[in-house]
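Student: Please take a close look at one part of this model, its interior. I would like a single connected account.

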Amino acid sequence: MKTAHQRLLAWVAEVEAMCQPDSVEWIHGSSIEYDRLMQRMVETGAATRLNRNRRPNSYLFRSDPSDVARVENRTFIACTSREDAGPTNNWIDPAELKKTMTALYTGCMKGRTMYVIPFSMGPIGSPLSRIGVEITDSPYVVVNMQIMTRVGERVLEALGERGEFIPCLHSVGAPLADGQEDVAWPCAPMEQKYIAHFPDENLIWSYGSGYGGNALLGKKCLALRIASNMARREGWMAEHMLILRLINPQGKRFHLAAAFPSACGKTNLAMLQPTIPGWRCECIGDDIAWMKIAADGRLYAINPEAGFFGVAPGTSMKSNPMAMRTLDGNSIFTNCALTDDGDIWWEGMDGPCDHAIDWKGDDWTPESGKVAAHPNARFTAPAAQCPVICEDWENPAGVPIDGFIFGGRRTQVVPLVTEALDFDHGVFMGAMSASETTAAALDVGQKLRRDPFAMLPFCGYNMADYWAHWFAMGDRLGAKTPKIFYVNWFRTSRDGRWLWPGFGENSRVLKWICQRIEGAIAARQTPIGQMPRDGDLDLEGLDIPAEDFAELMEVDRRAFNDDLDDAEEYLARFGDRVPKRLRAQLEAQRKRLA
Ligand code: OXD
Ligand code: MN
């Protein structure tokens, strides 16, 4: 591989000396290389090629049953002082962590190939993009990175001889002794897994897991945890947000960025098919937004990723037809079930399945009494294949953001949609976000967890400082701050029914949001923010009983007050670091609710 980047070459040599792989391969980024890696993994039994007639160029992987999701308890922010990591992150002194991990890394790639993947987060050459180099001993990681990011020679070219890059070291942590046979999914035991971030030196070290965000280091580690640190230092934003473009019947475009905790339907919303006549929606990204203030004073966003790494179960032609069509070929499936005709299946997919091989490789029928696909089974697919991908999804300048949406999964209390009274109130809404938990993280036990800005597992520094950064960005944007909204698609009735149909019908809520952004309609002020007046939300053609709609929109002052008590306790964890402006918002909300 041709690079004259001395710092990069020195780092690769240093890692090689420490990890002692059998060989080193630089990833060029060609399809021939991708096919060759896949072929090798099919031969070793790590991958299964799916039926070419049903899903061309697509493969299924089964992970080790112990390695199926992000491991938040084993994720560390190793900055110099514990306070800078804050109470929501795990912290270890960087020198100590490096010592522990160096011991683990020493000889850890024996019997394996070490791959060097130069990758770009964001379109190559965009002023918003950043370059990383991932070293890994997992060929599964390589093929996933080839879909999720832009990789290879063109990245090295952009890097030149002196360009900045973020070193990302990954090992599955399973060296092979001479003659020892490999397993299909090598990984290390839980207590040896470390997903480590050294924000003071923009460095990522990951050991022991091969799954998703633990191993595809461009995603959560670089584009969120490290990038949030860089963004704070440099005055931009790295957020756990989808980006979409909505086009109204008059052809006017609106760009919305929305933050929801993992597995709350972000991918579904990003690829929404509006049910209201004349409205169209296009996808720019489904997970991460990098945003910067441009010369015109507005906030512009890019999607730093090049693919979707989505939760498979529940994805269907009903819930997300555009995702289903994105997966027609050239995709990787992990921990899905394998059907008798060589295709994949998961719970919630269209049509039943009578027999399959489940995610553990065992025989499965609906009578087995267990799931066929793991709840956090994933698909990896190129964004360019999405039928509603926006023509500007790779625009190096990004798209101007008109509105932010926050939300979570709340079966109680939180109404369908609320608009913040102003930017500061919106920051308060984002900071107080909470959600009922799901399967995307392995080890979060409790049911309702506060997940500020959906960044709880991804903010690479003290969350209280992150709130201060939001206020500071608001001040810089001044009159050009995007409007902020809070939505909840998941409210249920007292007798446990969904009150809102969700999916494509969410376009009705987005329409109201766009009308508010345009200043086309007034709103009703409530103690928790602005809400649609009677008749303003377009419900035409939707059969919702009036009592259900009333319940969906209900603001129960007592319940909100209780929520504030809980919020106050939560804020207390951050002590004096909580911005005064956030506390002022809490007090103001209390007064409005009194
Ligand atoms: C994801 C997550 O995988 O947020 O996107 O967990
Ligand atoms: Mn996510």
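Tutor: What follows goes from the nonpolar cores to the metal site, the cavities and some single residues.

Residues are numbered from 1 along each chain as its sequence is written, while chains are lettered from A and ligands numbered from 1 in the order in which they are written. The model is predicted, so to speak of local features pLDDT must be at least 70, side-chain atom pairs count only at pLDDT 80 or more, and totals for chains, interfaces and linings use all residues; side-chain values use heavy atoms, with hydrogens and water left out.

A nonpolar core is here a set of buried Ala, Val, Leu, Ile, Met, Phe, Trp, Tyr and Cys residues joined through side-chain atoms within 4.5 Å. Buried means under 20% relative accessible area, exposed over 50%, and partly exposed in between (1.4 Å probe, protein chains only). The largest nonpolar core has 170 residues, and Trp290, Trp346, Phe404, Trp467, Trp470 and Ile513 touch the most other members. Setting aside neighbours within four places in sequence, Phe404 has contacts with Met241, Ala257, Met291, Leu299, Trp470, Pro482, Lys483, Ile484 and Phe485, where contact means heavy atoms within 4.5 Å. Another core, of 33 residues, lies apart from the largest one and includes Met109, Leu159, Phe165 and Trp205.

Trp205 is also among the contacts of Tyr194, which touches Arg74, Phe76, Ile92, Leu97, Thr100, Met101, Leu104, Ser206 and Tyr207 as well, residues up to four places away not being counted. Tyr194 sits in strand β9 (residues 194–198); helices (H or I, at least four residues) and strands (E, at least two) are DSSP runs numbered from the N terminus. Its relative accessible area is 12%, so Tyr194 counts as buried. Asn202 is in the loop between β9 and β10 (203–207), and has a positive phi of about 45 degrees although it is not a glycine. Most residues other than glycine have a negative phi.

At the metal site, the manganese ion (ligand 2) is coordinated at 2.2 Å by Lys220 (NZ), His240 (NE2) and Asp287 (OD). Donors are N, O and S atoms within 2.8 Å of the metal (3.2 Å for Na, K and Ca); water is not among the atoms, so sites may look incomplete. Along the chain these donors follow the spacing K-x19-H-x46-D. Lys220 belongs to helix α8 (residues 218–234) and Asp287 to the loop between β14 (280–285) and β15 (289–293), so the pair ties together parts that are 67 residues apart in sequence. Both are buried: Lys220 has 5% relative accessibility and Asp287 has 8%.

Turning to empty space, a cavity is a set of points on a 1 Å grid over the protein atoms alone where a 1.4 Å probe fits but cannot get out, and lining residues have an atom within 4 Å of a point. The 18 residues lining the largest cavity include Met429, Met432, Phe560, Asp563 and Gln589, which lie nearest its centre. Helices α11 (423–431) and α15 (557–572) each supply at least two lining residues, and α15 gives the largest share, four residues.

Gln589 is also a contact of Pro527, along with Arg557, Arg592 and Leu593, again leaving aside neighbours within four places in sequence. Pro527 lies in the loop between β30 (524–526) and β31 (529–531) and is buried, with a relative accessible area of 13%.

Conventions
On a 1 Å grid over the protein atoms alone, a cavity is a set of points where a 1.4 Å probe fits but cannot get out, and a pocket is an open set with protein on both sides within 12 Å along at least five of seven lines; lining residues have an atom within 4 Å of a point.
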